[in-house]
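Keep the sequence and the 3D view side by side. The text below walks from strand to strand, then to the helices, the cores and a few single residues.

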Amino acid sequence: MSHTLNAALVGYGFAGKTFHAPFLSTTPGLSLSWVVSRDAAKVQADLPGCRVGSLEEVLRDETVDLVVIATPNDTHAPLARQALLAGKHVVIDKPFA
C-alpha cells in the first residue's frame, strides 16, 4: 500500500517557485497542499487550488506530513524548530543554519 505525503512549502520566492513547488507537485508520493507566502495571488496563479496561509495554519493542519522550508537563510533554523515541535517532517533549503 502506498501513502502520499502531504507537503507544505514555506516560501514562494525564487527557490520555492522554481525548484521546490514543481518537485512537490510532480513527484509520485508527494502532494503540495499548502504554500506559506505573503503573495497569495502569485501562488494561486501558478498553483490553482493550493491553499495559501500562515505557518501557524499549516502546523495546525493534521493532514500535513512534511514542511519544506525555502525562506531566507536566517529563518531556516527557527522555522524548522517550529515545524519539528509540531510533529512535522522537515526539509530545509541550504544552509540549515
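In which sense do β2 and β3 pair, and over how many bridges? They pair in the parallel sense, over three bridges. Bear in mind that this is a predicted model. One residue contact in this pairing is easy to find: V35 stands opposite V52 in β3.

Now widen the view to the sheet. It is open and holds five strands, in the order β3-β2-β1-β4-β5. The pairing is parallel. Strands of a sheet pair through backbone hydrogen bonds, and the sense can be parallel or antiparallel. Which strands stand at the edges? They are β3, residues 51–53, and β5, residues 89–92. Each has a single partner strand, so one side of each is left without a neighbour in the sheet. From one strand to the next, the twist averages 25 degrees.

Move to β1 and β2. Strand β1 spans residues 5–10, and strand β2 spans residues 30–36. The two run parallel and are joined by six bridges. L5 has L30 as its bridge partner in β2. N6 has S31 as its partner in that strand. Is β2 mostly covered or mostly open? It is mostly covered, with six of its seven residues buried.

On the other flank, β4 and β5 run parallel, with four bridges joining them. Here I69 is bridged to I92 in β5.

Next come the connections. β1, α1 and β2 form a β-α-β unit, and this unit is right-handed. A right-handed β-α-β unit is also made by β2, helix α2 and β3. Helix α2 covers residues 40–46. β4, α4 and β5 make a right-handed unit of this kind too.

Two helices can be placed against the strands. To set the scene for them, return to β1 and β2, joined by six bridges. Helix α1, residues 14–26, packs on the sheet. It touches β1, β2 and β4, the last of these being residues 66–69. The direction of α1 makes about 145 degrees with that of β2. Helix α4, residues 76–85, packs on the sheet as well. Its contacts are with β1, β4 and β5. The direction of α4 makes about 165 degrees with that of β5.

What fills the largest nonpolar core? It has 14 residues. L9, Y12, A21, L24, L32, V35 and L47 touch the most other members. β1, α1, β2 and β4 each supply at least two residues of this core. β2 gives the most, with three residues. Take A21 as a way in. Leaving out residues up to four places away in sequence, A21 touches L9, Y12, G16, L32 and L47. Apart from this core lies another, of 13 residues. L55, V67, A80 and A83 are among them.

Turn to the aromatic rings. A ring pair is described by the distance of the centres and the angle of the planes. How many aromatic pairs are there? The count comes to one. The rings of F14 and F19 have their centres 5.5 Å apart and their planes at 85 degrees, so the pair is edge-to-face. Are the two residues buried or exposed? F14 counts as exposed, because its relative accessibility is 62%, and exposed means over 50%. F19, with a relative accessible area of 49%, is partly exposed.

Finish in the loops. T63 lies between α3, residues 55–60, and β4. Its relative accessible area is 41%, so T63 is partly exposed. What does T63 touch, not counting residues up to four places away in sequence? It touches N6 and R51. N6 is the residue whose bridge partner in β2 is S31. T63 and V90 are 27 residues apart along the chain, and their C-alpha atoms are separated by 14 Å.

S54 is found in the loop between β3 and α3. It has 27% relative accessibility, so S54 counts as partly exposed. S54 and N73 are 19 residues apart in sequence, and 19 Å apart in space from C-alpha to C-alpha.

How values were computed. Residues numbered from 1 in each chain as written. Predicted model: local features only at pLDDT ≥ 70, side-chain atom pairs only at ≥ 80, totals over all residues. Heavy atoms only, no water. Phe/Tyr/Trp six-rings, centres within 6.5 Å; stacked < 30°, edge-to-face > 60°. Buried < 20%, exposed > 50% of the residue type's maximum accessible area, 1.4 Å probe, protein only. Pairing = 2+ DSSP bridges. Axes fitted to C-alpha atoms, helices over the stretch in contact; angles between N-to-C directions. Contact = heavy atoms within 4.5 Å. Right-handed = clockwise from strand over helix to strand, strands pointing away. Core = buried A, V, L, I, M, F, W, Y, C linked by side-chain atoms within 4.5 Å.
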